[in-house]
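Dear colleague,

Please find the structure below, together with its sequence. My notes on what was found in it follow directly after.

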Amino acid sequence: MKLIKKMILLLVIIWLLVFGFPKFGVYAFLFDNKIYDEVTDNPKEIINDLDQLSPHTEKLAREFLKRCDEKGLAVKITETYRTQNRQDYLYAQGRAYEGLVVTWTKNSKHTMRRAFDIAKKGNDPYGDDKFFEQCAKIGKEIGLTPGYYFEEHQDKPHFELNRWWLP
């Protein structure tokens, strides 16, 4: 009888972890209930709409932009969500066809709606290292993982959400 009670309790706990907390936890991670706009699967199409990010990533991206604006950093979002087809296309660039290598992975947080890229508004969007360093500090403060700090493949314009328990 004690074993049955323990098993029932265990099942209730598992159910609560998976389905009992729809705004966070395993349910939110596995079953993002946000409705997204239709996007084409054209690998050359760049999506830079914050609404295409997961709910928590979108919230952090908006907070990031607000804080950058408060610090006088002229940030523009260059890309948010990517279809897997676009990610594969970018991965092939510089490998299967001519161009610069711009990504080192086929498994990007962009395809999970948990990453966005930025640039500096103006004539030199990627040349100001101090700008990206300041943006990275802000991103880290609010809970994002800035590509600026990646050790193996630094990616200054990239920001991602790595906390798996948040949508």
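In this predicted model, threonine 145 has glutamate 160 of strand 4 as its bridge partner. Strand 3 and strand 4 (residues 158–160) are joined by two bridges and run antiparallel. Helix 5, which spans residues 129–141, packs on the sheet and touches strand 1, strand 2 (115–120), strand 3 and strand 4. The direction of helix 5 makes about 145° with that of strand 2.

The sheet as a whole is open and has four strands, in the order 1-2-4-3, with antiparallel pairing. Strand 1 (75–79) and strand 3 (145–146) are its edge strands, each pairing on one side only. Strands of a sheet pair through backbone hydrogen bonds, either parallel or antiparallel. Four bridges connect strand 1 with strand 2 in the antiparallel sense, and glutamate 79 stands opposite aspartate 117 of strand 2. Strand 2 is also joined to strand 4 by three bridges, again with the two strands running antiparallel; here phenylalanine 116 stands opposite phenylalanine 159 of strand 4.

Why can strand 2 be called largely enclosed by the rest of the structure? Five of its six residues are buried, so the remainder of the structure largely encloses this strand.

For the overall arrangement, the protein contains five helices and four strands. Read from the N terminus, these elements follow the pattern α-α-α-β-α-β-α-β-β. The protein has 167 residues, of which 35% are buried. Of the contacts between residues at least 6 apart in sequence, 58% join residues at least 24 apart.

The largest pocket

The largest pocket holds about 460 Å³ of space. It is lined by 23 residues, and those closest to its centre are Arg82, His110, Asp117, Asp155 and His158. Aspartate 117, one of these, is thus also the residue of strand 2 that stands opposite glutamate 79. By class, the lining comprises eight nonpolar, eight polar and seven charged residues. Strand 1, helix 4 (84–92) and strand 4 each contribute at least two residues to the lining. Which element gives the most to it? That is helix 4, with three residues.

Helix 4 and arginine 86

The buried residues of helix 4 are Arg86, Gln87, Leu90 and Ala92. Strand 1 is included in what covers them. Arginine 86 counts as buried because its relative accessibility is 7%, which falls under the 20% cut-off. Leaving aside residues up to four places away in sequence, arginine 86 touches Pro43, Lys44, Glu45, Ile46 and Glu79. Glutamate 79 therefore appears in two settings: it is touched by arginine 86, and it stands opposite aspartate 117 in the sheet. After helix 4 comes glycine 94, which has a positive phi, near 85°.

Two buried loop residues

Most residues other than glycine have a negative phi, and most peptide bonds are trans. Arginine 113 is not a glycine, yet its phi is positive, at about 65°. This residue is found in the loop between helix 4 and strand 2. With a relative accessibility of 13%, arginine 113 counts as buried.

Is tyrosine 36 buried or exposed? Tyrosine 36 is buried, because its relative accessible area is 18% and the cut-off for that class is under 20%. Tyrosine 36 lies in the loop between helix 2 (25–30) and helix 3 (55–70). Its contacts, not counting residues up to four places away in sequence, are Asp51, Gln52, Leu53, Ser54, Pro55 and Arg113. Arginine 113 is accordingly one of the residues that tyrosine 36 touches. Tyrosine 36 and aspartate 51 are 15 residues apart along the chain, and their C-alpha atoms are separated by 7.4 Å.

With kind regards

Technical notes:
Residues numbered from 1 in each chain as written. Predicted model: local features only at pLDDT ≥ 70, side-chain atom pairs only at ≥ 80, totals over all residues. Heavy atoms only, no water. Pairing = 2+ DSSP bridges. Contact = heavy atoms within 4.5 Å. Axes fitted to C-alpha atoms, helices over the stretch in contact; angles between N-to-C directions. 1 Å grid on protein atoms, 1.4 Å probe; cavity = no way out; pocket = protein on both sides within 12 Å on 5 of 7 lines; lining within 4 Å. Points joined across faces, edges and corners; volume = space filled by probe spheres on them. Nonpolar A, V, L, I, M, F, W, Y, C, P; charged D, E, K, R; others polar. Buried < 20%, exposed > 50% of the residue type's maximum accessible area, 1.4 Å probe, protein only.
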